[in-house]
Each structure stands twice: as structure tokens, then as C-alpha cells.
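Open the model in your viewer and keep the selection tool at hand. Each stop below tells you what to select and what you will find there.

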Amino acid sequence: MIPSINGDSFATTVIIKIAALFTVAITFFCLGKNWSINNQQLIFFTATTTTISDQVTTSPNFNKFSNISAIINHNQTLKTPEEPLKIKKLGVLNEDGTMSNEFEIGEFDPDFVDDSVNTTRVDDSNDELKFTVKKFTLCSSNMSDYIPCLDNVEAIGKLKSVEKGERFERHCPVAEKRFNCLVPPPKGYRSPIPWPKSRDLVWYNNVPHNRLVEDKGGQNWITRDQDKFKFPGGGTQFIHGADQYLDHISKMVPNITFGQNIRVALDVGCGVASFGAYLLSRNVITMSVAPKDVHENQIQFALERGVPAMVAAFATRRLLYPSQAFDLIHCSRCRINWTRDDGILLLEINRMLRAGGYFVWAAQPVYKHEQNLEEQWQEMLNLTTRLCWKFLKKDGYVAIWQKPSDNSCYLNREAKTNPPLCDPSDDPDNIWYVNLKACISPLPENGYGANLTKWPARLQTSPDRLQSIKLDAFKSRNELFKAESKYWNEIIEYYVRCLHWKTTRLRNVMDMRAGFGGFAAALINQNLDSWVMNVVPVSGPNTLPVIYDRGLIGVMHDWCEPFDTYPRTYDLLHASNLLSVEKKRCNVSSIMLEMDRILRPGGVVYIDDTLSIMDELVKIAKALGWRAALRETIEGPHTSYRLLVCNKDLPHG
């Protein structure tokens, strides 16, 4: 019996050892899985790579899906589409950015919010922060066209002087007096007429203002036909139509080749933006600007037409566009005295005009022979000569100048010639609340900004001025530029292919944190019928020069303040990794309330940001009355980012 007992004992010992090893293995497996869920992967560049490779590494989470409710049990999180995006992971930006109009929507729960006050409260009595968001109520109907920083009557009334147009500049209300309600659409508002029909027709009830019809109907600007406004395509100086006028400019100066060396234009005092509207068919994108003055709804008409436009004024501050932004700047009866105050306003034109760019002026002093107008013409010739602009031609009511392509003329002027060159310490790209300066911004000695390839090649070309952007980067700027472009190209291609983006209304688009403009470039690559306002926040690096060098448009802005546009401007607002950054500086609910103001009813908001902020954003979205859906990113549930997609419904009745 003893041998039998020893044999059993030996077998028992082996079994115990195997069980122990199995238990240890299971324990380490569980610990490792728990660690992988609760610790996010860091994506970064190494400093050792010296070449750019076409091969990139995919995330280990790619194509893996799991039950997200185990991680977030208080929000509905939607799965990614059944067909996963086969994207090569680029370790450049934070995480994936995708856009969709096809998603599941949860019902709005009216008990979720309170009617009393429009505020965001943080309850930190527990370890986990809990956000209570009060329901936003409607503003009064007389605020349907409200632009907070331009309609601040109290601040404007306190101005010491308004003779230089100060009342048309930004005067934002202090935080305690900012609007805290939902700006309503006008009665009878309906979904805008789609582009390209909207170039010529818009609904009357969407912009119910007859002042321009009464003032400018005889100049072929705008007419009313029952429930619509019509835009014949004319202007004060081109009553026979913008197309004929553009042909005339090209014949005057054959080197002005629209859609090739002329890609980005600025139209000053744009009216209803027919100049920019007709340039779009020639592959030119135009920033159409005008103040909110006696013709206060001209920019609103432009935006309703689906034409890029902003409210802006030549007064006492620099405009919010970079140096060497525009290939051509146009002023047709824009009612600006370019020679006042030592030519300070034309010097601002000079700052924004690209090296070798063109200034087109159509105005009475060009062609009329009255004494005072002839004196104005001579003053203009004298000033442009001192600016080293080359006078090219005058034909009929149009005159055209060209800016020099380098500094040689500036350096060869006689001593003490006015205006002087700006001090070397002046940054011509420093534009946020910066006063105008009566000096010439010299061109970069290295030629940056002057040597651009023709459109459309310049959209994909890494521009010289990329090297002058102040960035904290582990890798070369060229590599960052290429990686951002590739990233957004693959994301947008997926949504066009799988989510039918070409059948979705995405005409007026804003990228609220634009980077190098990769998102906007991707929309162009997919031939989507849209234009993008690329916003560069003041809280990050100033990449606006790169955006313009690519042939795109954009503006600098501080999202702690309202934006200078009318309500109901954009069909899509895209905010990638923005709100978690700005939350450190200002109230997130104020930013989202401003987003609601500038978003069209029927429009879409797309936010991709950190998981930690999503609970708050979902609650604010519901308080705004948006239909909100929280989605996993394409990479699945284990990333530290989520996608929040929201719809703003059209008004009922």
C-alpha cells in the first residue's frame, strides 16, 4: 500500500503546482487587462527618425470593439460603422477625427434640464465631478440678427471718438453681460436653398430685410420676387454682371490668371458678395468683408447665398488676417479713404497683400474729371508710388497696381520718405487687437510667402512659411504637414464613401481649430461643394500663414469671445481637440452657446475631444436643445477620445 500512497502523493503535488501556475497566470492576465483599460496610450514622435516613410504603424486597438458601457455607464455611446476605416495610424495629431450626418439619436429628455437659469454648475462634493446644466431659454425675437461684439450698444456709446469707424470694430460685452439665451431664427425660417442655386436665390424669410433692395435694386445687386430674393450678379461698378467685370480685369492685366496664380482674394466693401460668388467658378476663393453699417445685412445675404464672408471694418485695428494673405485685393466703391492719416488704411492692405500681388480699385476718382476727384486720384498715385507699388493700367473705371516682390525698392527710397519701414521688432502676423501702424511691413529677406506654386498644386505643397511657425515639435514641420494632410484625407474619404457625404448639405463649414488646414484641404480633395472658414485660436500657434499659402482662407480668433458673424452662418462646426484646451481659459458652456448662435438650424456639430470632458459637453448640448450622440472613435473603446455628434433641429411651424 505504501507505493500506492507515494504515487498518489506525487500526483497530487504535480496537480497543485499546475493549479498554482494557472492561478498566477490568470492573475497577471487580469491585472494586465485592467491596466490597459485604465491607462491610455501615448502617441508621440521620436527624435531619432531622420527620414519620412510611407509606412506607418496602426494602433493595436484598431478594428477591436468592446462594450463601451463598462467604461462609460452614464452616456449612450454609439459603435463605429460596421465597415471599419482602414486607416494607417499617424502619430501626429491627438486622435481620430471623423464626421457623419448618419448616426443614431437619443430622444431629448425635458426632465434632464431645468428652466430656471442658464448656467453650468460643478458639484465637487464627491470624488467624481458632476455637472448640472440649466436649460437655455430663447432670446427675444429682436435678437435674431445679434452679433455680440458688434452690437454692444453700451460699449459703443462710451467711445471717445467714432470718426475713424471705431463703432464698427469689436467691443465685446464683459462676461457678466454676455447673452445667455438661444438666438432665435426669424419667423418662417426654412432650410436654405442648396448651392449652387443659392448663389442666385435665397428665401426672403431667412433674411427678411428690404433695405438693400430699396437702396441698391437699380444697381443690379438684389431684387425681391415674392418669397425669394434674387441676385442678378451685378454691383455698383459692374451693373452688367460680375463675369463681364472679371473678364475685363483679366484683359487689362493678362498675368492675372484666376484659378492659377490668383487663388485667394479679398473683396473690401463687398456688398452682397457677387464678386466673390462669381470668382468661385474660376477656382478663386474670396474673403468678402464689409462692416455692419447702414447696409448692415449685406454680409448676411452673402452667407445665406453660400459665399465666404465676414463682418470686418477698416478702422483703427489690423484685420484678423495674416501678412501676405491675399493674391489680389479688390475695392469697388468701397467708400474707404485710402489716403487718410498718411495712408494707414492702404498700408494695412499692403501688409495683407502677397509679394507681387495685385490691388484693383474701381472708384469715381479713377474715371471722373471733377476737380476734387482728380485731386484724390493724384493723392492715390503719390501714395502708391511711395509704397513702391507699380501702377500697371487704368481702363475705364478700373485701376490696377502691383506690389513689389522684394524689398529692393523700399531700401532705395530717398531718406526720410514716408511712410517709413516698420521697426524690425514689429510682427506683421501679430493681429489680435493690434492697432494699425503707419509703416510699411517689409517682406521676409528669405523670400518666404513669395514663391508659391500655382493652384491647385499649392494646396498639397508644404509652403516655405511653415518653417517660421512657432511649434513645439519633435519632428520636422514638413513631416507634420504631410502627416496631417494624409490623416484628414483618409478620414474624409471614408465618410464620403460610406456615409454619402456628397448628398449631405455641407456648404458653409467652420473648422474651429484648423491647424495647417488639413481638414479643409481634404474636403477639396473629395470635391465636396463646400468652403471652410479655418479658425486659428489665439491659444495655439499661429498657423494662418500656412493656411493662406495653401490657397485656403481663415481667421484668428479667441474662443473665449464671440465670433464676428451673423447668426445661422454655418452648416457644420468642426471642433477637434478644442474645448478641453479652452476649458482652461474660459467657460465651455459660453463657447457652445456661441456655437449654437452661428450654427444654422438643421446644421451639425462635430466635436472630437478627450473622454474626461464628454460628460459635461453632452449635458450642455442637451441644454441647448441639440440632439446629441456620443460615439466611439474608429479605433474602438480603449482610446482616451470620443466623438460627440449633435444636430440642431429646424424650427417647427
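Select Asp341 first. In this predicted model, Asp341 has a relative accessibility of 34%, so it counts as partly exposed. Now add Arg340. The two side chains meet in a salt bridge, 2.3 Å from N to O. Is Arg340 buried or exposed? Its relative accessibility is 19%, and buried means under 20%, so Arg340 counts as buried. Arg340 also opens helix α7, which covers residues 340–352.

**A second pair**

Go to Asp225 and Lys230. A salt bridge links them, with the closest N and O atoms 3.0 Å apart. Color both by accessibility. Asp225 is partly exposed because its relative accessibility is 34%. Lys230 comes out at 35%, so it is partly exposed as well.

**Along helix α11**

Show helix α11, residues 477–499. Select Lys486 and Glu490 within it. How many residues apart are they? They are four apart, about one turn of the helix. An α-helix has 3.6 residues a turn, so residues three or four places apart point the same way. Lys486 and Glu490 form a salt bridge, and their closest N and O atoms are 3.3 Å apart. Lys486 has a relative accessible area of 32%, so it is partly exposed.

**A network**

Next, select Asp327, Arg354, Arg458, Arg465 and Asp549 together. Salt bridges with shared partners join these five residues into one network. The structure as a whole holds 31 salt bridges.

**A charge without a salt bridge**

Move to strand β18, residues 599–610, and pick Asp608. Asp608 is buried, yet it has no salt bridge. Which side chain of opposite charge is nearest to Asp608? It is Arg513, 8.0 Å away. A salt bridge needs a nitrogen within 4 Å of a carboxyl oxygen. Now add Ser576 to the view. The side chains of Asp608 and Ser576 are joined by a polar contact of 2.7 Å.

**Two enclosed helices**

Stay close to β18 in sequence and select helix α15, residues 588–598. Here 10 of the 11 residues are buried, so the rest of the structure largely encloses the helix. The buried set includes charged residues: Glu594, Asp596 and Arg597. Val588, Ile591, Met592, Leu593, Met595 and Ile598 are also buried, as is Ser589.

Then select helix α12, residues 518–525. Six of its eight residues are buried, so α12 too is largely enclosed by the rest of the structure. Those residues are Gly518, Phe519, Ala520, Ala521, Ala522 and Leu523. Step past the end of the helix to Asn527. Its phi is positive, near 55°.

**More positive phi angles**

Two further stops sit in loops. Select Ala273, in the loop between β7 (264–268) and α5 (274–279). Ala273 is not a glycine, yet its phi is positive, about 70°. Its relative accessibility is 0%, so Ala273 counts as buried.

Now jump to Arg335, in the loop between β10 (326–332) and α7. Arg335 has a positive phi of about 60°, and it is not a glycine either. Is Arg335 buried or exposed? At 62% relative accessibility, Arg335 counts as exposed.

**Cis peptide bonds**

Select Trp195 and Pro196. The peptide bond between them is cis, with omega about 10°. Pro196 lies in the loop between α2 (153–157) and β4 (201–203).

Then select Asn418 and Pro419. This peptide bond is also cis, with omega near -5°. Pro419 is in the loop between α10 (408–411) and α11, the helix that holds Lys486 and Glu490.

**Inside: the cavities**

Finally, turn on a cavity display. How many cavities of 30 Å³ or more does the whole structure contain? A search finds five. The largest has a volume of about 240 Å³. To find it, select Arg170, Arg318, Leu319, Leu320 and Asp564, the lining residues nearest its centre. The full lining has 18 residues. Color them by class: 13 are nonpolar, five are charged and none is polar. Among the residues nearest the centre are Arg170, Arg318 and Asp564, and Arg and Asp count as charged.

Technical notes. Residues numbered from 1 in each chain as written. Predicted model: local features only at pLDDT ≥ 70, side-chain atom pairs only at ≥ 80, totals over all residues. Heavy atoms only, no water. 1 Å grid on protein atoms, 1.4 Å probe; cavity = no way out; pocket = protein on both sides within 12 Å on 5 of 7 lines; lining within 4 Å. Points joined across faces, edges and corners; volume = space filled by probe spheres on them. Buried < 20%, exposed > 50% of the residue type's maximum accessible area, 1.4 Å probe, protein only. Lys, Arg positive; Asp, Glu negative; His and termini not counted. Polar contact = N/O pair within 3.5 Å; in protein donor to acceptor, adjacent residues only side chain to side chain.
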